[in-house]
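Biologist: I am new to this structure and would like a close look at a single part of it. Please take the surroundings of the first ligand, and then go on to whatever else in the model deserves a description.

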Amino acid sequence: MLLKKQLQQIADIVGEDYFSSEEYMRKLYSHDVGALPNLVNDILKTQVDAVAQPTSPEVVSKLLQYCLKNKIPVIPRGHGTSGYGGALPTKAGLAIEMTRMNKIHNVDTSNMTVEVGAGIIWGNLIEELEDQNLTVRAYPSSAPSSTVGGWVAAGGSGIGSTKYGGVSDQIVDLEVVLPDGRIIRTSSPPDDIIEEFVKQEYNYFPSDDEYIWAIKEVEKDDFDLTSFFVDSNGTLGIITKVVLKIIPLHAIRPFVASFKTKEQMIWAMQEIMKETRPFYLHFITEGFNQMLTDVDMPTHSQHPWVFLCAFEGSKEQLDNEEASLKKIVDNNMGVLEPQEVAEHEWDERFYPMRIKRLGPSLAPSEVYVPLSNLQSFIERVDRHFKGESFALEGAVNNKGEVAVLAWFLDDERKTIAFLMGWYRSLDFIELGLKENGRAYSIGMWNVSHSRSFFGKKKYASIAQLKKKTDPKNIVNPNKVFPGPIQLSMRFNYLIIIAATIIAPVVLWLAGLWVGDIMAAYGLEWLAVTNLTSALVAIGIGLFAGVAVSEIANYVPINFMLTMGRPFLRLGRKIFH
Amino acid sequence: MGTKTFERLRESALDVEPLVCARCGFCTFVCPAYNDTLWDSQSPRGKLYQLRELILKNQPIPEDFAERIFKCTLCGACQEICQTKIPLLTFWQKVRQEINDAGLWPKVVHLLDESIQSSKNIMDLDQEDRMLWTDMVDDIVEDRIDKPAKVAYFAGCNISFKGTLAPIGENTIKVFDHLGIDFTILGEEEYCCGNPYFVGGEWDKAKELAIHHLNKLKDLGVKTVVFNCPGCHRAFNEEYPHMLGKESVAGIEFLPFSQFIAWMLREGKLKFTKEYNEVIAWHDPCELGRHQNIYDEAREVLNAIPGLVLREMKHSRNKADCCGGGGLLKGTNPLMSVRISGRRIEATEKTGATILASECPSCMMSFMDGIENTGKKIKFKDLSQIVVEALGL
Ligand SMILES: Cc1cc2nc3c(=O)[nH]c(=O)nc-3n(C[C@H](O)[C@H](O)[C@H](O)COP(=O)(O)OP(=O)(O)OC[C@H]3O[C@@H](n4cnc5c(N)ncnc54)[C@H](O)[C@@H]3O)c2cc1C
Ligand code: SF4
Ligand code: SF4
């Protein structure tokens, strides 16, 4: 809990109008799109103490310096549209919400880049660029509400990624405020950071000065600090400006094809990726299609397995791609749906959560799998989650991977079943990994996959940067880098009280049942037989409770998630 | 009439909607109230999130939250973009009703209520003064009050009592006269249409007004009613049949001014021949556009005027931003309302248009305030005025 004085000092830094510590506001800036089981709210400190909406990098810098000095956890936040827990507080602290830093600073048509404030909403940026006949190369389907900085930090792929790659392929440069308050450009990192990452290499050549220098220069050019911040979930600092690649605004021509079987649909998708260059290739499963009908938003497709394939380019390019697509759909016994259906599905590209009404809660999970393994992955998932209500959709990226998104229907009002159902999101990723896949985004919930997601070398590098710039782990704790959780006061008390009650009972029962054994080891004094021994037992319980609650505060979050999964799975079977 | 916490939402099965909300935030950046502050407490998503917790815990809406709920123009932009298709307009109306049950309606809403109850209009003025707006056209109107006719004109309280808006009614009368239409007006028997009650979420209180108007129209043998006010039009066209059943309005057609003129154009009864060299940006009033899906006719009319250049704002038709005047915001939060209209005026300026046009007295009031506040050199004209000028009446 922040002190009154601290709240005032933060308000002074950011400006009263851009600061709030009101109870209702704290709640509003502590959630993302996922619903948290009540137990998580009880265990962790999932509510921030205050919210600040900075208006310039300098203000961000002052805020970070203040928080670092006062050991106040900082949770960077775009518009809270992610669902991997990256924007959720775990140790309370200060939410730094970026939506006021929303300017377009520069449109450079010779280099085809645009420089924007990290808090700009994709939809607004796209609208503004359109006035100049320009557009971005890719954007998330949350474009009407998510920030550019949020997508950079969360990572991932979206609309346009089938042709132009994920968000990491769109970035030219970033302005970042490091946890220590320094405002840097990732394209020209400060010397101390370069030193940090090149020194290990040239240490191998301690005596040859010239040679060291040469190696260092090469390293410097290769050193790509920008890539460190993509997928970082704000753990390495706060992104304040983003320079993105842009392209001329071309016509988009969407098509929808439907198929009787998943095999036919997937073969067609594989051929499309070989023979054309779609801007966006997205499929929904039979189950997803049915759920859309259930919420009165049917695709109107003839067959249940459906993909949307959109091409982008000149009229000639579009005509050629269209001809190839028609052939492929035909060869795979599919039906090319009427243009109204295609236009409708194209407009619906922003609406993956239409089906939520059926829950009314939805638990999402996402994983990349190779397109070549999509069929076996879908079958594996169907087998694994037999009896659960869920639906799959996915979009192909330019590396031939499919980002497959699972939506599990649920009802958060059924507290226990909802908590137990959590295992599904974790299991789904494991199933993807078995199909040579990789986690989609790390955030908090996928933190146990951090190392494999980044690769050992990159993980080591970003961890090193974290250690150097944020040794106290102030900026977005428990995200990307596991780290110990901090239990809420309530939960700490609960542990202590439980231990204080349980210990005398256990020791009393032990005295009754295994009193002989206790005596044999000289422990008969532990047995509860009268008031004095009961008081001793209470003392022991109290001590044990404090010890356990202390130790529990050092349990890394990934350990908790991994250990908890089998219990949740079992519990779900019982309570579902 | 139930007054238990959230009974209003429960009886219409809307209590689940805050749980259905995906928190995707799509509704935030289209919401004029959110855009005014950029704080989520003011956004539809934020309000739903707070209601979610209150409903789950069955706790009543606290006073400060009730105030925030009324920071909303009921423009319907949130409903239009909603990820999970939440019927947000009805939802917000029901929440307002809930707030009234808790005795937390803002003061201005109570004043409106008292005024309608005591004087049958929203101004708390004598109904005898209701016809003052016809001063400039009294020669045409004089013997038409309460006279049986197929066509009726319903002016509404704003046009009837606010001098600056009276020309809208006059224009319509001039056009009727030009077309030689046999029409009637209800005179002192024209009451408030009930719109403040719909906006405040109190349908029951509007019932009597609806019955009164429909009986009156039937007595006079009216088949078509023309409106300049989209709020009144929506009351008759949507809320009355919703409250009293579709049969209650059977055989009567309710037309906003634009639809009426477009009809006349299509029938060949009206033709624009004079050049009208103006560049105009059209603003879709929320209560006609998003609420009732009426977009095309106004454009049809404007495009039929020779010389007139029609410009579309970036956000138009179903994506049109609100004028700031709806949902009683002008009364509950006048400063916020004027800031919102200022944004629309800036958007007009970007189109290169010199005139901002719409067909709504409420939008007109908001935009007049907005123009004054921003100091922009944009003029506002109601569609009726453009039509009258283009016809040279
Ligand atoms: C309907 C819908 C569709 C979606 N579609 C896609 C999609 O197509 N592809 C996809 O990848 N994701 C998608 N998402 C997930 C989500 O929208 C994206 O991850 C989005 O980019 C997050 O942006 P945000 O501004 O909401 O960030 P938040 O959710 O607020 O934050 C995301 C993470 O980034 C950090 N962060 C935010 N801003 C900054 C900053 N300026 N500096 C440093 N760290 C920061 C946060 O701490 C958090 O860890 C979708 C979500 C929804 C609801
Ligand atoms: S109706 Fe309009 S003002 Fe009200 S919450 Fe929805 S978008 Fe905002
Ligand atoms: S758009 Fe709909 S689902 Fe999304 S946050 Fe707003 S109300 Fe909720």
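Modeller: What follows starts at ligand 1 and then moves to the aromatic rings, a few loops and ligand 3. The model is predicted.

Begin with the shell around ligand 1. It has 37 residues, and the closest are A:Pro76, A:Ser82, A:Ser142, A:Thr147 and A:Tyr440. Which chains do the residues around ligand 1 come from? They come from chains A and B, so the site is shared between chains.

Several elements of chain A take part. β3 (74-77), α6 (148-154) and β10 (238-248) each supply at least two residues of the shell around ligand 1. Of the contributors, α6(A) gives the most, with five residues. Sorted by class, the shell around ligand 1 holds 21 polar residues, 15 nonpolar ones and one charged residue.

Three polar contacts can be described at the level of atoms. In A:Ser142, an N or O atom of the side chain is 2.6 Å from an oxygen atom of ligand 1. A:Thr147 also uses its side chain: a polar atom there lies 2.6 Å from an oxygen atom of ligand 1. A:Gly80 takes part through its backbone, where an N or O atom lies 2.8 Å from an oxygen atom of ligand 1. How much of ligand 1 does the protein bury? Taken alone, ligand 1 exposes 970 Å², and the protein buries 96% of that.

Now turn to the aromatic rings. Over all chains, the count comes to 32 aromatic pairs, with ring centres within 6.5 Å as the cut-off. One of them is formed by A:Tyr351 and B:Phe26, whose ring centres are 5.6 Å apart and whose planes stand at 75 degrees, so the pair is edge-to-face. For that label, the planes must be over 60 degrees apart. A:Tyr351 sits in the loop between α14 (339-347) and β15 (361-370) of chain A, and B:Phe26 in the loop between α2 (17-20) and α3 (32-37) of chain B, so this pair joins two chains. Both A:Tyr351 and B:Phe26 are buried.

Another pair consists of B:Phe154 and B:Phe227. Their ring centres are 5.7 Å apart and their planes lie at 45 degrees, so the pair is tilted. B:Phe154 belongs to strand β1 (residues 151-154) of chain B and B:Phe227 to strand β3 (residues 224-227) of chain B, so the pair ties together parts that are 73 residues apart in sequence. B:Phe154 is buried, as is B:Phe227.

Chain A also has an aromatic cluster, formed by A:Phe377, A:Phe385, A:Phe390, A:Phe408, A:Tyr423 and A:Phe428. Arginines lie over ring faces as well. A:Arg349 lies over the face of A:Trp346, at 3.9 Å from the ring centre. B:Arg68 lies over the face of A:Tyr24, at 3.7 Å from the ring centre.

Next come some loops of chain A. The loop between α14 and β15, which holds A:Tyr351, also holds A:Pro360. The peptide bond that joins A:Gly359 and A:Pro360 is cis, with omega about 10 degrees.

A:Asn397 is in the loop between β16 (390-396) and β17 (401-410) of chain A. Is A:Asn397 buried or exposed? Its relative accessible area is 3%, so A:Asn397 is buried. A polar atom of the A:Asn397 side chain lies 2.9 Å from the backbone nitrogen of A:Lys399.

Two other loop residues have a positive phi although they are not glycine. For A:Met333, phi is near 60 degrees. A:Met333 lies in the loop between α13 (315-331) and β14 (335-336) of chain A, and with a relative accessible area of 58% A:Met333 is exposed. For A:Asn436, phi is near 65 degrees. A:Asn436 is in the loop between α17 (423-434) and β18 (438-439) of chain A and, at 62% relative accessibility, counts as exposed.

Last, ligand 3. The residues around ligand 3 include B:Cys21, B:Cys24, B:Cys27 and B:Cys82. B:Phe26 is also among the residues around ligand 3, and B:Phe26 is the ring paired with A:Tyr351 across two chains. By class, the shell around ligand 3 has seven nonpolar, three polar and two charged residues.

Notes. Residues numbered from 1 in each chain as written. Chains lettered and ligands numbered in written order. Predicted model: local features only at pLDDT ≥ 70, side-chain atom pairs only at ≥ 80, totals over all residues. Heavy atoms only, no water. Near = heavy atom within 4 Å. Polar contact = N/O pair within 3.5 Å; in protein donor to acceptor, adjacent residues only side chain to side chain. Areas by Shrake-Rupley, 256 points an atom, 1.4 Å probe, with all protein chains shown as cover. Helix = DSSP H or I, 4+ residues; strand = E, 2+ residues; numbered from the N terminus. Nonpolar A, V, L, I, M, F, W, Y, C, P; charged D, E, K, R; others polar. Phe/Tyr/Trp six-rings, centres within 6.5 Å; stacked < 30°, edge-to-face > 60°. Buried < 20%, exposed > 50% of the residue type's maximum accessible area, 1.4 Å probe, protein only. Lys NZ or Arg CZ within 6 Å of the ring centre and 35° of its normal.
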